[in-house]
Amino acid sequence: MAASNRMMLGPLVGSIDQGTSSTRFLVFNAKTSELLSHHQVEIVQKFPKEGWVEQDPKEILSSVHECVEKTCEKLQQLNIDITNIKAIGVSNQRETTVVWDKTTGEPLYNAIVWLDLRTQATVDSLLKKIPGKNKSFFKFRTGLPLSTYFSAVKLRWLLDNVEEIKQAVGDGRAMFGTIDSWLIWSLTGGKNGGVHCTDVTNASRTMLFNIHSLEWDPELCQFFDIPMEILPKVRSSSEIYGLMVCFLKSGALTGVPISGCLGDQSAALVGQMCFQDGQAKNTYGTGCFLLCNTGQKSVFSEHGLLTTIAYKLGRDKPVCYALEGSVAIAGAVVRWLRDNLGILKTSQEVEKLAAEAGTSYGCYFVPAFSGLYAPYWEPSARGIICGLTQFTNKNHIAFAALEAVCFQTRELLDAINKDCGVPLSQLQVDGGMTNNKVLMQLQSDILCIPVVKPSMPETTALGAAMAAGAAEGVGIWSLNPGDLTAVTCERFEPQINPEESEFRFARWKKAVMKSMDWVTSDVSSNGDSSIFSSLPLGLYIMSSMIMLIGAKYISG
């Protein structure tokens, strides 16, 4: 590509998209929003005990380094000048909790992932301190119910159970952050002057942040017994936080500002350009997240949704809020079919199997692997597959798994329609699962409204890039409505009658009811759920074994 052509590209913006399943680095043209190149690395999830989900913070950081390096190599192969990258944005899996040593730069424990359930006993203990054990006691301050989902209880568990973290806090060496904080601190120098910050969207998912004053709340920190000095500084979603330090062999991107930061679901809302009240999007990733922009007014749900910060696109810009419906398991159910059951060789194969079946044949799948999130907030639920017959095969189960994602979205949409009072006439979608055309058609059929998918589905990364490019001091990406590039879309229209949709949804709701109350909350937080943890059952089994041995001895 000639130098004149390179100049025609104009300024570029890089975007780090660190999700639960993978890390990606993508580079966009700031003038046209065109995606020029990207690289992706899958992240290992660790399940050391039942209900526990962890990741290695160093592996996450290393994956960012690899993705940036590989993407820059691809750009150079395309003869695109990487010195045109003028800003970098970060979007990240939210709530996932990291504590590290600021003097060594080393994590003090694995990251506890948002899906993790080990903190149920911590939640139960905290509930005893609340009048009437009301899970929604802090709802009007934080927008959130007390749940294993949010960072404060994960941090409380770490402080209670990890000696290295207790010691580091006592010595003044500990830093807490969600994944965005860990990455920004590391990429701007780490132990040699790294910037310890987060943005308002990520802070609003900790349960330690007042979503009205936009500050860490001393009373909440006191309730959870969290020392405020370990918390990052809270900034807007679009401003220069710090400059990249050199980690590439080529020295590329050194000194480039990191100037955008949004939790992944807020980033997708921005990337879908949902800047008006009432605009909504649904992201299909590891989980499923439906956000509806409520503007500068915080709306509190009466139907199990969360109130969260949508974005604050500049230090002097107003904060905007959203109603959010969160589902823990969406794309993760396909990964489970692949890795745990082995009925898929690749995640993409689920579309082929489901298409071959064309129906679940009365089979219903409730993937409550981490309990049920919105609108139920029921940690005792567990996954079930019901309605099986001798005719049921793996194709029907694959279809039922996709259908479950759609039914869960239907529940979120129903709740948002009730809270907002104006039903959505169509659903804007994004995320990796939207490449599955069977899923998208199923979603339209079950919602009875059109589903609209942008031709460029990387809206999460795009949102972080937009925030970074628009930051004061960068100014290469205009967020004025008239300047935003029109997005071409693929549209899926309902193809079944509403009566059939309602019948299938009602059957699935019946299955949801059967998934509840499978686990009692007195299972210990260290994951000891063996049969011998029950004394009567243990004695029964031991006495039975003794009787069997005795009988064998007498008969012998």
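**Backbone exceptions, helix H14 and the nonpolar cores**

With a relative accessibility of 30%, Cys448 counts as partly exposed, because this value falls between the limits of 20% for buried and 50% for exposed residues. In the predicted model, Cys448 lies in the loop that links helix H14 (437–447) to strand S22 (451–454), and its phi is positive, at about 65°, although the residue is not a glycine. Most residues other than glycine have a negative phi, and most peptide bonds are trans. A positive phi, near 55°, is likewise found at Tyr361, again a residue other than glycine. Tyr361 is placed in the loop between helix H12 (349–357) and strand S19, and it counts as partly exposed because its relative accessibility is 44%. A further exception concerns the peptide bond between Ala374 and Pro375, which is cis, with omega at about 0°; Pro375 belongs to the loop between strand S19 (364–366) and strand S20 (384–386).

Helix H14, which Cys448 follows, is mostly covered, with ten of its eleven residues buried. The buried set includes the polar residues Gln441, Gln443, Ser444 and Asp445 as well as Val438, Leu439, Met440, Leu442, Ile446 and Leu447. At the start of the helix, a side-chain oxygen of Asn436 comes to within 3.1 Å of the backbone nitrogen of Val438.

In soluble globular proteins, nonpolar side chains tend to be buried together. The largest nonpolar core of the model comprises 140 residues, of which Leu146, Phe224, Tyr284, Tyr311, Leu402 and Leu427 touch the most other members. Helix H13 (residues 394–420) makes the greatest contribution to this core, with 14 residues. When residues up to four places away in sequence are set aside, Leu427 touches Asn282, Tyr284 and Leu290, together with Thr409 and Leu413, and also Leu447, Ile449, Pro450, Val451 and Val452. Apart from the largest core lies another, of 38 residues, with Phe25, Ile43, Ile88 and Tyr241 among them.

The confidence of the prediction varies along the chain, for which the mean pLDDT is 88, with 90% of the residues reaching 70 or more. Over residues 1–7, however, pLDDT stays under 50, and the model has ten contacts beyond four places in sequence for this segment. For residues 527–556, where pLDDT also stays under 50, the model has twelve such contacts beyond four places in sequence.

Notes. Residues are numbered from 1 along each chain as its sequence is written. This is a predicted model: local features need pLDDT of at least 70, side-chain atom pairs count only at pLDDT 80 or more; totals for chains, interfaces and linings use all residues. Side-chain values use heavy atoms; hydrogens and water are left out. pLDDT is the predictor's confidence in each residue, from 0 to 100. Contact means heavy atoms within 4.5 Å. Helices (H or I, at least four residues) and strands (E, at least two) are DSSP runs, numbered from the N terminus. Buried means under 20% relative accessible area, exposed over 50%, partly exposed in between (1.4 Å probe, protein chains only). A nonpolar core is a set of buried Ala, Val, Leu, Ile, Met, Phe, Trp, Tyr and Cys residues joined through side-chain atoms within 4.5 Å. A polar contact is a pair of N or O atoms within 3.5 Å; within protein, one must be able to donate a hydrogen and the other to accept it, and residues adjacent in sequence count only if both atoms are side-chain atoms.
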